[in-house]
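Welcome! Here are a few exercises to help you find your way around, each with a worked solution. Have a look at the structure first, then try each task before reading on.

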Amino acid sequence: MKKISIIILLFSCFVYGQNKQLLYNFTDIPQSLLSNPGAEVNYKWHVGIPLLSHIHANAGASGTSVYDLFADNGIDFNEKLRRVVYSMNKNDFFTVNQQLEIFSGGFAIGPSYEKNKYLSFGLYQEMDLHLYFPKDYAVLAYEGNRDNIGRVFDLSDLNAKGELISVLHVGLTTKLNKKWTYGFRGKIYSSLLNFKSTNNKGSFVTQEGTNNFYYHTFDLDLAFQTSGFASLVDLENEGQNDWNGKAIKELRKRVLFGGNLGLGLDVGFTYHPKEQWTVTGSIQDLGFIHHTKDVETYTLKGEYTFEGVNPLFPNNGSGQTADEYWQEIEDTFDDLFELDTITKNYTSWRSPKLNGSVSYKYGKKVLKECNCTAEDGDYLNEVGLQIYAIGRPRRPQTAVTAFYYRRLFSFLSGKVTYTADTFSKTNIGLGISSHIGNVNFYIMADNLLEYQNLAKANYASVQLGFNYIFPATKK
Amino acid sequence: MLKRILPILLVFIITSCVKDVDFDQAEDLLISPAVESSLIFFDFPASSFQEPTGTAVVVEQDELELDLFNEEFVRDNLVRAELFFEVTNSIDRNFRADIVMFDANGGITNSFDITVMPDGNNEVVVTHTELFIDTSLDQLKNTMRIQVTLSMFPSPAGIPLDDTSLGNIKMRSKATLFFEIDTE
């Protein structure tokens, strides 16, 4: 109990989302191909600097912030906790998402006079956790049932999933003509660790009784599926340090095809209805992982109504003694609350992500020598709207972003975004990408208005990385 | 160029920080749920207490193992407990319920009784709250067994109860457990 509450508290500190509104269609950066395989990139080839090409983490919690709970403002901690518990509802959530690209690269293919295809590939590691606020559990733990007679505590409020996976992917982007570019990316997932508890049902309620003061009704149908954990727990070890080392070694083995495997697909396109207009769309991670190795599912299932101990006296009624009667109740309770461990294969679906945008480019570079615009140059500015959605167990989470992109110098471009989503209505982000020689460096951060004090933010993200890019020569 | 960008980034990263928060507060965590649970209940008709002479005390006794209060979680976090009993009598006799609690060695940790006088066959309701706090709470946490004895005392006229005697003797009871759960 104590440990769980601490974990929940920690959880509320490090909370992440997945929207990469700054990176989306920022085609100066090769990793934009990961959010849209149909992004219009223009390189001869590129290679990500191993382990440094894409580092991504973003933080947020709907309904609360670190500051709400941990503000050093003289208000009693338990009062703040109370406010947090009561201000959040069962659809508020915490999520953690982190990605690290291990290697990546790509090159243009096609006939030498027109290399209209771009093949990109890589391997990245991703961690994703998503947890809804278990409101009814929190209230029950916080208040108990005494002041909640008649209240049905809904056990489906427990809804969480998490995974640590590696993703090996190959994508092909095809520039069909001046208007259309489309692409696909196939993915092989290798799951290092997975847990899922998203289909819980049941309730607990205390009601006015007839024979005694109360009926307590337990209706449990809970399941917690895991893969990859059981063998780690069972690792033979000589102390914590030894275990840590062995566990990491074991996880590493699973990175390349060693874990539970799955398949996924990304699709996307870029379309120019007119020269200056761009419409894009993509779906990422339409995929699943089938868990067959190292699986363990824990279940709690059963129904029971308890109204007390009766009959008391052996020579009245059933002839059963109170002790026998109580023993029966105890056994029933033990059965009810005994975790059944079963080994059963299961499938986990990845959280699919949808992106779309409409944008308009304008303003070509003014050449000094003739005071005219460079006809064959790129437009310097782009404004547009983006939408984003991610599928989650109960309902998709969505975001709308307005952006402005500007090529500042030949070696530097930037993008400013304004995003409204579940976390915040005032999320301003800034990303820059520099090309010095062939080295590309980019960094992007989110929720700048809250940057002075991240603790107050519901959400923040950072992404950065280094690539080596050899751009296609202008025709 | 990097040289120019990096300082700006550094300033950005340094000025962004987590201010005015104190994570040590988590150590003050204290939640205090109050849990209520039904306990013992019975409902017996007058005919259950038949005895030929009409002058003897009819005694019914039973006991049950109850190690709930011994559970580690309860030992650590229970700060107060109340057992609430309600006895309703419509039998024209005196009743007394004796509740005795024992520890693992058979020593008495607590005992109390509830007496209910009759009012003909009208319902007489008597309630009793047994509060466990400090020393008595510690005693409760050592309790392993509860014994309940129900005694019916004869009427002054010495008339035995028979199958046609009216009334019931009922008991309802519940426990209210007050927890204080902290991080220690």
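## Exercise 1: Charges over rings

Task: Find the ring of chain A over which the charged end of K415(A) sits.

Solution: The charged end of K415(A) sits over the ring of F403(A), at 4.6 Å from the ring's centre. Keep in mind that this is a predicted model. Now look at R350(A): its charged end sits over the ring of Y189(A), 5.0 Å from the centre.

## Exercise 2: A tilted pair

Task: Classify the aromatic pair of W45(A) and Y468(A), and say which strands hold the two residues.

Solution: Start with the whole structure, where a search finds 28 aromatic pairs over all chains. For W45(A) and Y468(A), the distance is 5.7 Å centre to centre and the angle between the planes is 35 degrees. Planes under 30 degrees apart would count as stacked and those over 60 as edge-to-face, so the remaining class, tilted, applies. Next, locate the residues: W45(A) belongs to strand β1 (residues 43-48) of chain A, and Y468(A) to strand β23 (residues 459-471) of chain A, so the pair ties together parts that are 423 residues apart in sequence. Finally, check accessibility: W45(A) is partly exposed at 35% relative accessibility, and Y468(A) is partly exposed with a relative accessible area of 31%.

## Exercise 3: An edge-to-face pair

Task: Describe the geometry of the pair F93(A) and Y132(A), and decide whether these residues are buried or exposed.

Solution: The centres of F93(A) and Y132(A) are 6.5 Å apart, with 80 degrees between the planes, which makes an edge-to-face pair. F93(A) lies in strand β3 (residues 93-109) of chain A and Y132(A) in strand β4 (residues 117-132) of chain A, so this contact ties together parts 39 residues apart in sequence. Both F93(A) and Y132(A) are buried.

## Exercise 4: A sheet in chain B

Task: Work out the strand order of the open sheet of 4 strands in chain B, and name its edge strands.

Solution: The order is β4-β9-β6-β7 (chain B), and the pairing is antiparallel. The edge strands, each pairing on one side only, are β4 (58-65) and β7 (108-116) of chain B. On average, neighbouring strands of this sheet are turned by 15 degrees against each other, direction ignored. Zoom in on strand β6 (residues 94-103) of chain B: 8 bridges join β6(B) to β7(B), and the two run antiparallel. As one example, R96(B) has T115(B) in β7(B) as its bridge partner.

Notes. Residues are numbered from 1 along each chain as its sequence is written. Chains are lettered from A and ligands numbered from 1 in the order in which they are written. This is a predicted model: local features need pLDDT of at least 70, side-chain atom pairs count only at pLDDT 80 or more; totals for chains, interfaces and linings use all residues. Side-chain values use heavy atoms; hydrogens and water are left out. Rings of Phe, Tyr and Trp (its six-membered ring) pair if their centres lie within 6.5 Å; planes under 30 degrees apart count as stacked, over 60 as edge-to-face and the rest as tilted. Buried means under 20% relative accessible area, exposed over 50%, partly exposed in between (1.4 Å probe, protein chains only). A charge sits over a ring if NZ of Lys or CZ of Arg is within 6 Å of the ring centre and within 35 degrees of the ring normal. Two strands pair if DSSP finds at least two bridges between them. Axes are lines fitted to C-alpha atoms, for helices over the stretch in contact, and angles run from 0 to 180 degrees between N-to-C directions.
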